[in-house]
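Welcome to a set of short exercises on reading a protein structure. Try each task yourself, then follow the solution step by step.

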Amino acid sequence: MATPGDDLPPDATVGPGGEILENPRRRDYLTIAAVSFAGVGAGVAVLPLINSMNPSADVLALSTTELDVSAIEPGQAIKASFRKQPLFVRQLTPAEIAAADAVPVSSLRDPQTLEERTKEGKKQWLITLGVCTHLGCVPLGAGEGENRGPFGGYFCPCHGSAYDTAGRIRQGPAPKNLEVPEYAFTSDTVVVVG
Amino acid sequence: MSFPWARHYEPKNPLTQWIDSRLPLPRFVYNAVGAGYPVPRNLNYFWNFGVLAGVALVVQIVTGIVLAMHFHSSAAGAFDSINATIMRDVNAGWFLRFAHANGASMFLLVVYIHIFRGLYYGSYKAPREMVWLIGVVIFLLLMATAFMGYVLPWGQMSFWGAQVITGFFSAIPVVGEWIRIWLLGGYAPDDAALNRFFSLHYLLPFVIAGAVILHIWALHIPGSSNPTGVEVKGEQDTVPFHPYYTAKDGFGVGVFLIVFSTLIFFFPDLLGHPDNYIPANPLSTPAHIVPEWYFWPFYAILRAFTADFIIAAKLWGVVAMFGSIILLFFLPWLDSSPVRSANYRPMYRVAFWVLVLDVLVLGYCGGSAATPGIVVLSQICAAYYFAHFLIIVPIISRLERPKPLPNSITEAVLGDKGGSRMTETAVSA
């Protein structure tokens, strides 16, 4: 039977009966290291599984839409599709622009001016997603003869959110203005959205 | 654990003896739902609903597996594969489809009765908290499964339901929109969303089946509760599960199947929404989006929040809707009354029935268009729902003076109607 001090490794301990417990710190270290390594490995293996649920390349490939807007007369709007969501493209009349500009920005729930929501020099082109910011319904107002609501913009029939001629929320439960996607005019009549 | 007087499995013939000594599965079944499980002798028909939920799960899995053999999980093909192929061309496809759709309603119906049975008779109390907690998990899994299943026919309500429900996640600050896109695998519900919902809709019932085994396992540790809430005190208080409750449950299953068949064969679309017979159209929203009836109370809570207060109203709605279920996890500790059964709790019994009414009114509100009057009614009822669990039940459980309990289940069965008789030795369990 060994006694303490007889050729023991520096971190060995001696049990209550005087028996040598082999290097417990070394074993703990190995256990913790092995389990941690396996844990990190398992965690990393989950990443591709999670990432595979993100939009795939074919979905992302649809994320730009090119539109010819030459046929849209002032006061008219069209419904297009952008990323499988409705997109409203509307040419505002001077009266509609004036109505939007006449609203004091500070009175708005989501304060934005018409300038901020359109491109420079293209103030008459209001391009927004046709997705109500409340629960995602498609507001009315882009189609011919549809109810444009009390503010002359868009009106969501689901829960009565009313948007004005700048697509800003004015009444009802929606928290935000209709989203303006990223877009650019590549010529006077062609818009690339996304 | 089982009671010491539980009968023991004794295989008679050499084959069952051979099996028992190698894989004691028949013994396990005998002890779980056979003559080896002693059950209180006084269970009423409300105790049928756990078994009925199990029957509904089996019906859904069996019909679902066959339907999946004919279903096309693509945005282009899903609607036609159900409404043309399955409903018209597949042999008995219409029957399987209506059985599966109405089976979901029957499942939720019996689960709601099962849950309210637990609320009335205090089944969530010690020592059965774990049974209750697993039950709430099963309920959440069931809701997720039902929602994803409703999306699969890819009709207008399917599509816009998916849009609105995944829209809940966009209410989460900062990362919400990213989570929503991740859940859908796109910017709006489409092929990616439909396929993953189908995959999960096929998976989750088996997860539910696993959770049900845990639910029953946890139940069999203390044994079943009973309408008096008084624990079993001796062999005279119990009868073997088989044949007594297999027979009683069998009768209940018969009634269940009559109601179920009536729905399938006479009113197959009663509980569905006609708009779901219109193919999904991402560019046109139905005028009135409603979920299936079993989600109406929660939908009403969601829509009850109309004003921003610190956080946005939309986020409040989502938090409250999920909170209304998460709250149930805390119920065993919110109700500190040592008396289980509402039969002996005069104040709690009133509160229970007011809650039932409250949830029914919430359901009515959730199924109606959100007019200002309905919204106000939803707000009152949603506030009451939370008040019931967070204020009323904790206070009642401290103030209330329960009626005297019977000394034992046997005394309650053989004596007068429970609670009417005062005995000197009556103590709360």
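## Exercise 1: A covered helix

Let us begin with what a helix packs against: the buried residues of helix 11 of chain B pack against helix 12, helix 14 (346-367) and helix 15 (372-399) of chain B. This is a predicted model, in which local features need pLDDT of at least 70 and side-chain atom pairs count only at pLDDT 80 or more, while totals for chains, interfaces and linings use all residues. Residues are numbered from 1 along each chain as its sequence is written, and chains are lettered from A and ligands numbered from 1 in the order in which they are written.

**Task.** Find how many residues of helix 11 of chain B are buried.

**Solution.**
- Step 1: recall the terms. Helices (H or I, at least four residues) and strands (E, at least two) are DSSP runs, numbered from the N terminus. A residue is buried if 20 or more other C-beta atoms lie within 10 Å of its own, exposed if 12 or fewer, and partly exposed in between, with C-beta atoms placed from the backbone.
- Step 2: locate the helix. Helix 11 of chain B covers residues 296-303, and eight of its eight residues are buried.
- Step 3: name them. They are B:Trp296, B:Pro297, B:Phe298, B:Tyr299, B:Ala300, B:Ile301, B:Leu302 and B:Arg303.

## Exercise 2: Buried or exposed?

**Task.** Classify B:Asn195 by its count of other C-beta atoms within 10 Å.

**Solution.**
- Step 1: place the residue. B:Asn195 lies in helix 9 (residues 191-220) of chain B.
- Step 2: apply the count. B:Asn195 has 15 other C-beta atoms within 10 Å, so B:Asn195 is partly exposed.
- Step 3: look further along the chain. B:Gly254 is 59 residues apart from B:Asn195, and their C-alpha atoms are separated by 36 Å.

## Exercise 3: Two helices that pack

**Task.** Describe how helix 4 and helix 5 of chain B pack.

**Solution.**
- Step 1: choose the descriptors. Two packed helices are described by the angle between their axes and the distance between the axes. Axes are lines fitted to C-alpha atoms, for helices over the stretch in contact, and angles run from 0 to 180 degrees between N-to-C directions.
- Step 2: read the values. Helix 4 (residues 78-89) and helix 5 of chain B pack at about 115 degrees, with axes 5 Å apart.
- Step 3: list the contact residues (C-beta atoms, placed from the backbone, within 7 Å). Helix 4 of chain B gives B:Ile82, B:Ile86, B:Met87 and B:Asp89, while helix 5 of chain B gives B:Gly93, B:Trp94 and B:Arg97.
- Step 4: sort them. Ala, Val, Leu, Ile, Met, Phe, Trp, Tyr, Cys and Pro count as nonpolar, Asp, Glu, Lys and Arg as charged, and the others, Gly among them, as polar. This contact has four nonpolar, one polar and two charged residues.

## Exercise 4: The domains of chain B

**Task.** Find which helix gives the most to the side of domain 1 of chain B that touches domain 2 of chain B.

**Solution.**
- Step 1: set the bounds, which come from an automatic or database domain assignment. In chain B, domain 1 is 43-289 and domain 2 is 290-429.
- Step 2: find the separation. The centres of these domains of chain B, taken over C-alpha atoms, are 22 Å apart.
- Step 3: count. The contact takes 36 residues from domain 1 and 32 residues from domain 2 of chain B.
- Step 4: pick the helix. Helix 6 of chain B gives the most to the domain 1 side, with eight residues.
- Step 5: sort that side. The residues divide into 21 nonpolar, ten polar and five charged.

## Exercise 5: A sheet in chain A

**Task.** Work out which strands are at the edges of the sheet with the order 4-5-6 in chain A.

**Solution.**
- Step 1: recall pairing. Two strands pair if DSSP finds at least two bridges between them.
- Step 2: read the order. The sheet is open, has three strands and shows antiparallel pairing.
- Step 3: find the edges. Strand 4 (77-82) and strand 6 (125-129) of chain A each pair on one side only.
- Step 4: check one pair. Strand 5 (residues 85-91) and strand 6 of chain A pair over five bridges, and A:Val89 stands opposite A:Ile127 in strand 6 of chain A.

## Exercise 6: Where the chains meet

**Task.** Find how many residues of chain B are in contact with chain A.

**Solution.**
- Step 1: count. 23 residues of chain B are in contact with 21 residues of chain A.
- Step 2: find the top element. Helix 7 of chain B gives the most to the chain B side, with three residues.
- Step 3: sort. The chain B side divides into 13 nonpolar, seven polar and three charged residues.

Key:
Contact = placed C-beta atoms within 7 Å.
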